[in-house]
Amino acid sequence: MTAAAPLSPPAATGWIPRRVLVTRSARDWAHGRAIAARAAMLGSEVIELPGDRLSLALPDDPKRAYAAAKATLAVTVAPPSKRRLQPIAPSADWRVDLAEGCPAHCSYCYLAGSLKGPPITRAYANLDEILAVLPDYLGDGTITSRSRDRAHEGTTYEASCYTDPLALEHLTGSLSAAIRWFGAWQAPAQLRFTSKFADVEPLLALDHQRRTRMRASLNPPRFARFEGGTARVAARIAALRRMADHGYPIGLTIAPIIAANGWEAAYRTLVADVATALAGAPDLDLTVELITHRFTPGSKAVLEGWYPGSSLDMSAANRATKRSKFGSEKQVYDAATMRTLRGFFEREIADALPAARILYWT
């Protein structure tokens with residue numbers, strides 16, 4: 001089965017990269033050539049590189065270098081290491097990367113400090129190879145495959161670990177191709193993705209067979225100032241309803257939960273707005289994932305360089321240090337704040353969205 005989506009004029013409402021770098025190997029793939037062609041239709045400067053090394057001369061000034069990188073899309077080939085899937089607890093059994101990087105400007109960005117080099121977004125041309133390895137991992141995960149509470153989801157594959165695939169869909173078509181692939185795969189498996197964008201129209205008519213769960217990544221509008229370049233919160237919620245109306249299982253990724261002044265009223269209104277939007281949705285299958293704000297020393301340094309004027313609180317107040325088994329550190333809310341937050345969300349969701357299943361709290 002070929003993964004390359006039909007070439008059609010892309011929607012002009014999404015992100016339009018200023019330049020698109022296409023590596024030599026990416027041009028060997030029909031999917032890579034289609035991505036470049038769509039970008040050219042939107043007016044991006046398409047640069048065919050002589051080899052596979054990404055070469056982009058960035059300004060010396062850090063702010064200008066960041067802006068130039070964020071305005072760039074690279075079409076590359078996912079190496080074998082990217083096609084050896086890794087667990088992605090607590091979300092899913094396995095992480096599957098359709099792309100890497102994101103065009104949004106979130107001042108709490110989870111990718112900061114995780115991805116190396118300038119924040120160029122990379123889309124993978126060899127989608128057929130990426131999808132072809134997925135059956136090798138069927139039934140072998142530990143997050144849902146062997147979970148008493150989530151085993152009915154089957155083996156789960158998360159497509160939003162290092163990217164927001166919906167943000168790139170008008171350029172890549174990769175998410176649509178993956179949804180069709182899972183719809184045709186007669187196996188107990190599920191594709192998952194979460195997004196801060198709302199352009200779901202290309203996905204609505206796909207034959208998904210309820211094997212893809214779309215989650216909207218949400219924060220109250222008062223905290224949306226930390227989410228530059230994303231869709232309005234109301235638009236994301238409306239997109240979630242449209243997906244439900246077209247038979248998709250859906251979910252909320254409330255993240256990152258920010259314990260700033262007025263958080264209770266802001267999140268209470270958010271949950272109520274979701275409940276209103278989803279009222280009467282047919283055959284509703286709704287999950288909730290709750291992720292509190294956290295950062296590492298490395299990500300804090302990167303983010304403060306990218307967004308020096310941000311008012312997002314990354315001080316030591318109400319924070320505790322959490323260490324991984326590998327010795328890395330991250331700053332999370334302290335135990336008292338975590339208890340307060342968790343109790344609040346569990347009560348609000350039970351009251352306003354009684355059909356929802358909370359998958360995890362972290």
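This report walks through the packing, the one cavity, the aromatic contacts and the unusual backbone spots of a predicted model.

**Cores**

Let's start inside. The largest nonpolar core takes in 85 residues, and Leu134, Tyr157 and Tyr267 have the most contacts within it. Helix H8, residues 263-278, makes the largest contribution to this core, with seven residues. There is also a second, separate core of 15 residues; Ala36, Ala39, Ala123 and Leu171 are among them. As a bit of background, nonpolar side chains tend to be buried together in soluble globular proteins.

**The cavity**

How many cavities of 30 Å³ or more does the count come to? Just one cavity turns up by this rule, and the space inside the largest cavity is about 50 Å³. Its lining is made up of Leu98, Ala99, Ala123, Pro165, Leu168, Glu169, Thr172, Ser174 and Leu175. Ala123 is a name to look out for here, since it appears both in the second core and in this lining.

Which helices supply at least two residues each to that lining? They are H4 (165-172) and H5 (174-184), and H4 gives the most, with four residues. As for character, the lining splits into six nonpolar residues, two polar and one charged. Glu169 is the charged one, because Glu counts as charged while Leu, Ala and Pro count as nonpolar.

**Rings**

On to the aromatics: across the whole structure there are 15 aromatic pairs. One of them joins Tyr66 and Trp306, a tilted pair with 5.2 Å between centres and 35 degrees between planes. Tyr66 belongs to helix H2 (residues 62-70) and Trp306 to helix H9 (residues 297-306), so this contact ties together parts that sit 240 residues apart in sequence. Are these two rings buried or partly exposed? Tyr66 is buried, at 10% relative accessible area, whereas Trp306 has 21% relative accessibility and counts as partly exposed. The cut-off for buried is under 20%, so Trp306 falls on the partly exposed side of it.

Trp181 and Phe182 make another pair: their ring centres are 5.4 Å apart and their planes meet at 70 degrees, so the pair is edge-to-face. Both of these residues, Trp181 and Phe182, are buried.

Ring pairs also link up into a cluster made of Phe223, Trp263, Tyr267, Phe344, Phe345 and Trp361. Tyr267 in that cluster is also one of the residues with the most contacts inside the largest core. Elsewhere, a charge meets a ring: the charged end of Arg319 sits over Tyr333, 4.0 Å from the ring centre.

**Backbone oddities**

Most residues other than glycine have a negative phi, and most peptide bonds are trans. Here are four spots that go the other way.

| Site | Feature | Value |
|---|---|---|
| Ala89 to Pro90 | cis peptide bond | omega near 0 degrees |
| Ala255 to Pro256 | cis peptide bond | omega about -15 degrees |
| Gln209 | positive phi | about 55 degrees |
| Arg210 | positive phi | near 60 degrees |

Where do the two prolines lie? Pro90 is in the loop between strand E4 (86-88) and strand E5 (92-95), while Pro256 lies in strand E13, residues 250-257.

Gln209 sits in the loop between helix H6 (201-204) and strand E11 (212-218), and Arg210 is also in the loop between H6 and E11. Gln209 is partly exposed at 44% relative accessible area, and Arg210 is partly exposed too, at 30%.

Notes
Residues numbered from 1 in each chain as written. Predicted model: local features only at pLDDT ≥ 70, side-chain atom pairs only at ≥ 80, totals over all residues. Heavy atoms only, no water. Core = buried A, V, L, I, M, F, W, Y, C linked by side-chain atoms within 4.5 Å. Buried < 20%, exposed > 50% of the residue type's maximum accessible area, 1.4 Å probe, protein only. 1 Å grid on protein atoms, 1.4 Å probe; cavity = no way out; pocket = protein on both sides within 12 Å on 5 of 7 lines; lining within 4 Å. Points joined across faces, edges and corners; volume = space filled by probe spheres on them. Phe/Tyr/Trp six-rings, centres within 6.5 Å; stacked < 30°, edge-to-face > 60°. Lys NZ or Arg CZ within 6 Å of the ring centre and 35° of its normal.
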